Structure formats: structure tokens, C-alpha cells
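The following report looks at a few strands, a helix, two loop positions and a ligand site, and it is meant to be read alongside the sequence and the coordinates.

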Amino acid sequence: MMSENAHIPKVILKKGREKSVLMHHPWIFSGAIEKIEGRISAGNTAEVYSSNGEKLGAGAYSPHSQIRLRLWSFQPEELINEAFIKKKINAAIEYRKKLDLFNHNGACRLIFSESDGLPGLIVDKYASFLVCQFLSVGVVYWKETIIDGLIESIRPVGIYERSDSEVIQKEGLKRRSGLLWGKEPPHQIEISENDINFLVDIRNGHKTGFYLDQRNNRRSILPYVKDKEVLNCFSYSGGFGIYALEGGAKFITQVDSSAEHLKLASDICHQNGFDESKIHYEQADVFQLLRQYEGSGRKFDLIILDPPKFITSSKSINSGSRGYKDINRLAMKILDDNGILFTFSCSGLLQRDLFQKIIADAAVEAGKTVRIISELSQSPDHPIALNFPESRYLKGLIGAISNR
Ligand code: SAH
């Protein structure tokens, strides 16, 4: 009888290029491959061998991407089949259950790509709906199995796809969004996060609809806001500002360039019954508004800076870094003496040390002293895999800002 892996194609690496695989890094770049034996097409599983013939694991083949192979497993004898994919899905869900993030009305990331051993797959849960991103040909190949596995283990009301990120073009995939299974989601889904209700538009919202990675950081502003004047820059659906109200802030200003996002933030405030007279919505460009406040002498006690990704490729490291420095310098200038700054960068290509250096430079230019109270990262449903350092992307600092 022929074994299940008799015809699996083989990828043989160049001499010395097995090192990262032995460290369990899941990516193999095209330049590391010496040759491929057997017929193979997009999404197929290939076995990976070192130049001296040692079997290292198995991965999904991606002919269009520079990342030619994403490894499923580093165990040479493990078979990649439906049972394997479902086992990974279940392990990811069990981990979220352990974190106590699996509440009926709650929202959390169930599957975080390489960090959960499923490269290219994102699955977020919003109450009884799931939103998926299939961002690599490997997970597209197993799409039916993945949907089945999610239905079996979660029993959702509906599963919606948001594979509309630009990165998928590098995989030779077309952007796609729409219903995958079950019922169409409502226009807005109500979720509960730390007892605050949020409305999430999973069809049109950013990412899969909500910034789940900031959950713990939003809560970490609570001790700092009582009776304070708070400025929430890049507010999206208002998260940090709404937590500030929950913590007893005197007044909050929510700033975003999008009128639609500000309207959503206002609906959410209304939904939670907060006093609207304590909130101002400002549709503006943060860079311009901070300069305007500086010119007019307007001051705040606490400022949140949670901008979009300023650095999207190695080409934009310098311009993106300037952007981070500008907003941080301006924010420090309009903080009252002994004010508090919550500052973030979600650019994975910006290392934490460099981010901290940018904040230090901004402080010198603003004529302020910064003491770091706390260092922040992504919420635990976005775990950082040590074999995949790229999974660490969100950096934040809580700084106490004083005049010299
Ligand atoms: N802090 C939010 C997430 C921020 S996402 C949360 O916790 O949910 C980034 C937001 O910045 C988006 O809503 C986008 O519309 C807005 N934005 C992007 N560039 C901007 C600019 N230059 N000025 C103001 N808002 C901007």
C-alpha cells in the first residue's frame, strides 16, 4: 500500500539555509531554495530538506511570493491533512478560552496567523460572528477545511470574509470579501469589551472591523483620567476616549480625519449612555490640529497618539519615523506640566528601541523630560511567537511628560 506522503514534492534548500528552519522560523525565501523535486502548484504541501538530505518539516508552496514556502510543521513525520489543520484551529481556540476571552458577547482574535501555526490566516470573533482573512495561498488551499473546523468548534451564526488587504497581491491572490457561511451579519455588531459596549462594522470597518490588539492598552488609561482633559488622536471608533469617559475624565476630544469614524464613535458613546456634553468630535488631520493647538495655547492633561501604520515598507522607515517624531513633539508641547502621553506605533518594521529613540528625540526638540511609566504591547490574543519575531508589531509607551 502506498503511504499518504508517497508523492509529496520535495523542496531542497541551499547549503547553510536550513539554519532558520532549525530555529523554527516558518518562512523560506525563494533565494534559499536549491531545487524542487516533483510537480507542485500553489498551496500544495511540500516537504523541506536540508542540502545534506535531512527532512526538516513541511510547508505550503507559494509560487508568486518571495516567501516561497510557509511551514506548517517542523516535525519531519507530521502529515499535513484535514486533521492537522483542525488540530491547529482547536489549539488556537483553547488558548483564547484559557485567557478568558471567549465570552458570548465578547470579541477577540481567535487565530493570529504564524503565531498560531497557521501562516496567513486571521480569524476574529465578534459576538456570534466570525471574520476571516485568508492572506496566503496555503490557507486558501485549505479554506473549506478551515471553515468546517470553525463551524464545528465555534458554532457561529455567520462567517464573513475580509481578505481585502493589499498584501495578498504579493501571493498572486485577488482581494475578496463577502459572506462565507451562515447568516449575513447585521450592519453593526454589538460587542462588549471590559463591560463597555462597542459597535463593529465588519463589512466596511478597518482591518476586520475593530482594533482588538489595543484592548488591554485602552483599559490601562483608566487610572490616569479622573477629572482630566483628554485628547484622543486617531480615534477611529473612539475606543480610548470612551474608556477615558468610563474612568471619569472631565472632557474628551476625539480626533479623526474620517467623519464616518467619528459618527460611529458618537453612536457608541450614545449606546453606553455617556454625557455628550463632555465630548467634542473634531474631524481634522492630527498633524495640522496639533500645530493649531500649539499656536493657540490649548493644553491637555493626557494625550493618546495611536496613528495608522506610518512605515509600510523598508523604503518608508525614514519618512515614517519623521511622522512619529512630529506628532510626539507636538503632543508633548501641548501637554500641561506633568501630563501623560500614551504613544503607539503599529509599524512592525520599527523596532522598539528605535521607537523609544524617536520619542527621546521628540522630547529634546519639545524641551520636555520624559519618564517611561510603562511599556505596552499587543493584547494576549495576538501572542508574539519567539520563533517568528515579525509577530511583534505593536509598541506603546506611557510617558510622564514634564517641563525642564
Ligand atoms: N485608536 C483606535 C485605532 C486607530 S486607527 C482604536 O483604539 O480603535 C487609525 C485612525 O486614524 C483611523 O480611524 C484613520 O481614519 C485615522 N487617521 C489616519 N490618518 C489620520 C490623520 N492624518 N489625521 C487624523 N486621523 C487620521
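Helices (H or I, at least four residues) and strands (E, at least two) are taken here as DSSP runs, numbered from the N terminus. The model described is a predicted one.

In these terms, Ala42 is placed in the loop between strand 3 (33-37) and strand 4. Is Ala42 buried, partly exposed or exposed? With a relative accessible area of 38%, Ala42 is partly exposed, because partly exposed covers the range between the limit for buried, under 20%, and the limit for exposed, over 50%. Leaving out residues up to four places away in sequence, Ala42 touches Tyr61, Pro63, Val137 and Tyr141. The C-alpha atom of Ala42 is also separated by 7.5 Å from that of Gly138, although the two residues are 96 apart along the chain.

A second loop position is Ser62, which belongs to the loop between strand 5 and strand 6 (67-73). Ser62 has a relative accessible area of 2% and is therefore buried. Apart from its neighbours within four places in sequence, Ser62 is in contact with Ile67, Arg68, Arg70, Val137 and Glu171. Val137 thus appears among the contacts of Ser62 and is also touched by Ala42.

Strand 4 itself, residues 45-49, has 5 of its 5 residues buried, so this strand is largely enclosed by the rest of the structure. In a regular strand the side chains alternate between the two faces of the sheet. In strand 4 both faces are covered, since Thr45, Glu47 and Tyr49 on one side and Ala46 and Val48 on the other are all buried. The strand pairs in the parallel sense with strand 1 (residues 10-13) over 3 bridges, and in this pairing Ile12 stands opposite Tyr49. With strand 5 (residues 55-61), strand 4 pairs in the antiparallel sense over 5 bridges, and there Gly59 is the bridge partner of Ala46. Strands 4 and 5 form a hairpin with 5 residues between them, and Gly53 in the turn has a positive phi of about 85°.

Further along the chain, helix 6 (residues 239-246) has 7 of its 8 residues buried, so the helix too is largely enclosed by the rest of the structure. Its buried residues are Gly239, Phe240, Gly241, Ile242, Tyr243, Ala244 and Leu245. Just after the helix, Gly248 takes a positive phi of about 95°.

Strand 15 (residues 251-256) has 5 of its 6 residues buried and is therefore largely enclosed by the rest of the structure. Strand 14 (residues 229-233) and strand 15 run parallel and are joined by 5 bridges, with Leu231 standing opposite Thr253.

The ligand is surrounded by 15 residues, of which the closest are Arg218, Asp256, Asp285, Val286 and Asp306. The shell around the ligand divides into 7 nonpolar, 4 polar and 4 charged residues. Distances from an oxygen atom of the ligand to an N or O atom in a side chain are listed below for three residues.

| Residue | Distance to a ligand oxygen atom |
|---|---|
| Arg218 | 2.9 Å |
| Asp256 | 2.7 Å |
| His261 | 3.0 Å |

Taken alone, the ligand exposes 590 Å², and the protein buries 90% of that area.

How values were computed
Residues numbered from 1 in each chain as written. Predicted model: local features only at pLDDT ≥ 70, side-chain atom pairs only at ≥ 80, totals over all residues. Heavy atoms only, no water. Buried < 20%, exposed > 50% of the residue type's maximum accessible area, 1.4 Å probe, protein only. Pairing = 2+ DSSP bridges. Contact = heavy atoms within 4.5 Å. Near = heavy atom within 4 Å. Polar contact = N/O pair within 3.5 Å; in protein donor to acceptor, adjacent residues only side chain to side chain. Areas by Shrake-Rupley, 256 points an atom, 1.4 Å probe, with all protein chains shown as cover. Nonpolar A, V, L, I, M, F, W, Y, C, P; charged D, E, K, R; others polar.
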